[in-house]
Amino acid sequence: MARVALVTGGSRGIGAAISKALMAEGYQVAASYAGNDAAAQAFTDATGIRAFKWNVADYEACKAGVAEVEAALGPVEILVNNAGITRDAPFHRMTPQQWREVIDTNLTGLFNMTHCVWNGMRERKFGRVISISSINGQKGQFAQANYAAAKAGDIGFTKALAQEGARAGITVNVVAPGYINTEMMAGIKPEVMDTVILPAIPVGRLGEPEEIARCVVFLASDGAGFITGSTLSANGGQYMA
Ligand code: NDP
């Protein structure tokens, strides 16, 4: 039987590209999403990949969601923690709510989701946990104290868990994208894009979601079994860490 891969936030943007790339590699794929039913339905209609709705920031919802996916497809062997949000503001104007929403989704979401599949992976002696962090978790970013803290936390989480999973056949890794051409980038003003962002990227362009998906496909593969606790940076040379 084909391995089962669950991609959180797998119905739009980078996550949709990851879902499609994993399906093309022969995995059985489930995508989760938060609330954009129209986008999820359009994604399922176009790809045949089932989409399941729950909030990764809610532990009980994750437990129920994973149970639903496993009842439909079988045990989750590949977990891609991709769901993420931004709530940007300079720190002096950042509200506690903006802080909490980003930490709850982008960092606590990793605990919630990974915790719900971890024991099954340990029992089966195989697992792949791949989380999508960000270049801004590696180098920081103006007006993103919340996001940078969560995304840096994703990397620490991964390094700790990689040590716990190693003897159980579970690898735990991070992909840290630079600026990728998705709806998340649509909020950036064109003049900021042209004068600040693009000049900072040595390859001179945004990345494409499919380029991040290839990283995930590689880390999910049997051939990547010796790679754990790693951060794969895919950022066009913007930050060489
Ligand atoms: P999008 O905004 O395009 O898509 C986000 C996806 O995550 C959607 O499917 C959304 O569901 C889902 N989602 C958001 N919040 C939750 C939640 N609480 N519970 C469940 N699902 C949720 O994002 P991108 O594709 O741009 O980003 C994907 C990941 O990559 C994120 O973690 C982001 O931080 C990271 N990243 C993105 C970069 C970029 O340049 N775009 C750069 C570096 C990292 P719904 O459709 O229902 O809203």
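A quick note before the views: UniProt positions are given here in the numbering of this structure, and an annotation may be inferred rather than shown by experiment. Keep in mind, too, that this is a predicted model.

**View 1. The stretch that UniProt labels as a domain.**
The unreviewed UniProt entry carries the annotation "domain: Ketoreductase", and that label covers residues 3–183. Within residues 3–183, 51% is helix and 19% is strand. If you look at the two ends of the span, their C-alpha atoms sit 30 Å apart.

**View 2. The largest nonpolar core and the elements that build it.**
Here we zoom in on the largest nonpolar core, which has 27 residues. The members that touch the most other members are Ile18, Leu22, Ile78, Val80 and Val175. Two or more residues each come from strand 1 (4–7), helix 1 (13–24), strand 2 (28–33), strand 4 (76–81), strand 5 (127–132) and helix 8 (209–220). Helix 8 gives the largest share, with seven residues. There's a general idea to hang this on: in soluble globular proteins, nonpolar side chains tend to be buried together.

**View 3. Val80 and its contacts, with a second core elsewhere.**
What does Val80 touch, leaving aside its neighbours within four places in sequence? The list runs Leu6, Val7, Thr8, Ile18, Leu22, Ile130, Ile132 and Val216. Apart from the core around Val80 lies another one, made of 24 residues, including Phe52, Cys62, Met121 and Val129.

**View 4. Helix 3 crossing helix 4.**
Helix 3 (residues 59–73) packs against helix 4 (residues 96–124) at an angle of about 40°, and their axes are 9 Å apart. That angle makes helix 3 oblique to helix 4. The crossing of these two is right-handed. On the helix 3 side, the contact involves Tyr59, Cys62, Lys63 and Val66. On the helix 4 side, look for Phe111, Asn112, Met113, His115, Cys116 and Val117.

**View 5. Helix 4 alongside helix 6.**
Now follow helix 4 to another partner, helix 6 (residues 145–165). These two pack at an angle of about 15°, with their axes 8 Å apart. Angles under 35 degrees count as roughly parallel, so helix 4 and helix 6 are roughly parallel to each other. Their crossing is right-handed. Helix 4 brings residues including Trp99, Ile103, Leu107, Leu110 and Trp118 to the contact. Helix 6 answers with residues including Tyr147, Ala150, Phe157 and Leu161. Phe111 of helix 4 is one of the residues in this contact, and Phe111 also takes part in the contact with helix 3.

**View 6. Gly15, a glycine tucked into helix 1.**
Gly15 is found in helix 1. Is Gly15 buried or exposed? With a relative accessible area of 0%, Gly15 is buried. Not counting residues up to four places away in sequence, Gly15 touches Val7, Gly9, Gly10 and Asn82. Ser32 is 17 residues from Gly15 in sequence, and their C-alpha atoms are 9.2 Å apart in space.

**View 7. Two residues with a positive phi.**
Most residues other than glycine have a negative phi. Lys125 goes the other way, with a positive phi near 60°. You'll find Lys125 in the loop between helix 4 and strand 5, where Lys125 is exposed, at 55% relative accessible area. Ala143 isn't a glycine either, yet its phi is positive, at about 70°. Ala143 lies in the loop between helix 5 (135–139) and helix 6. At a relative accessible area of 18%, Ala143 is buried.

**View 8. Ile201, a buried residue in a loop.**
Where is Ile201 found? Ile201 is in the loop between helix 7 (190–197) and helix 8. Ile201 counts as buried, at 4% relative accessibility. Neighbours within four places in sequence aside, Ile201 is in contact with Tyr179, Leu206, Asn235, Gly236 and Gln238. Ile18 is 183 residues from Ile201 along the chain, and 23 Å separates their C-alpha atoms.

**View 9. Gly26, in another loop.**
Gly26 has its place in the loop between helix 1 and strand 2. With 41% relative accessibility, Gly26 counts as partly exposed. From Gly26 to Ser233 is 207 residues in sequence and 25 Å in space, C-alpha to C-alpha.

Key:
Residues are numbered from 1 along each chain as its sequence is written. This is a predicted model: local features need pLDDT of at least 70, side-chain atom pairs count only at pLDDT 80 or more; totals for chains, interfaces and linings use all residues. Side-chain values use heavy atoms; hydrogens and water are left out. A nonpolar core is a set of buried Ala, Val, Leu, Ile, Met, Phe, Trp, Tyr and Cys residues joined through side-chain atoms within 4.5 Å. Buried means under 20% relative accessible area, exposed over 50%, partly exposed in between (1.4 Å probe, protein chains only). Helices (H or I, at least four residues) and strands (E, at least two) are DSSP runs, numbered from the N terminus. Contact means heavy atoms within 4.5 Å. Axes are lines fitted to C-alpha atoms, for helices over the stretch in contact, and angles run from 0 to 180 degrees between N-to-C directions. Angles under 35 degrees count as roughly parallel, over 145 as roughly antiparallel, 65 to 115 as roughly perpendicular and the rest as oblique. A crossing is left-handed if the near helix is turned anticlockwise from the far one by less than a right angle, and right-handed if clockwise.
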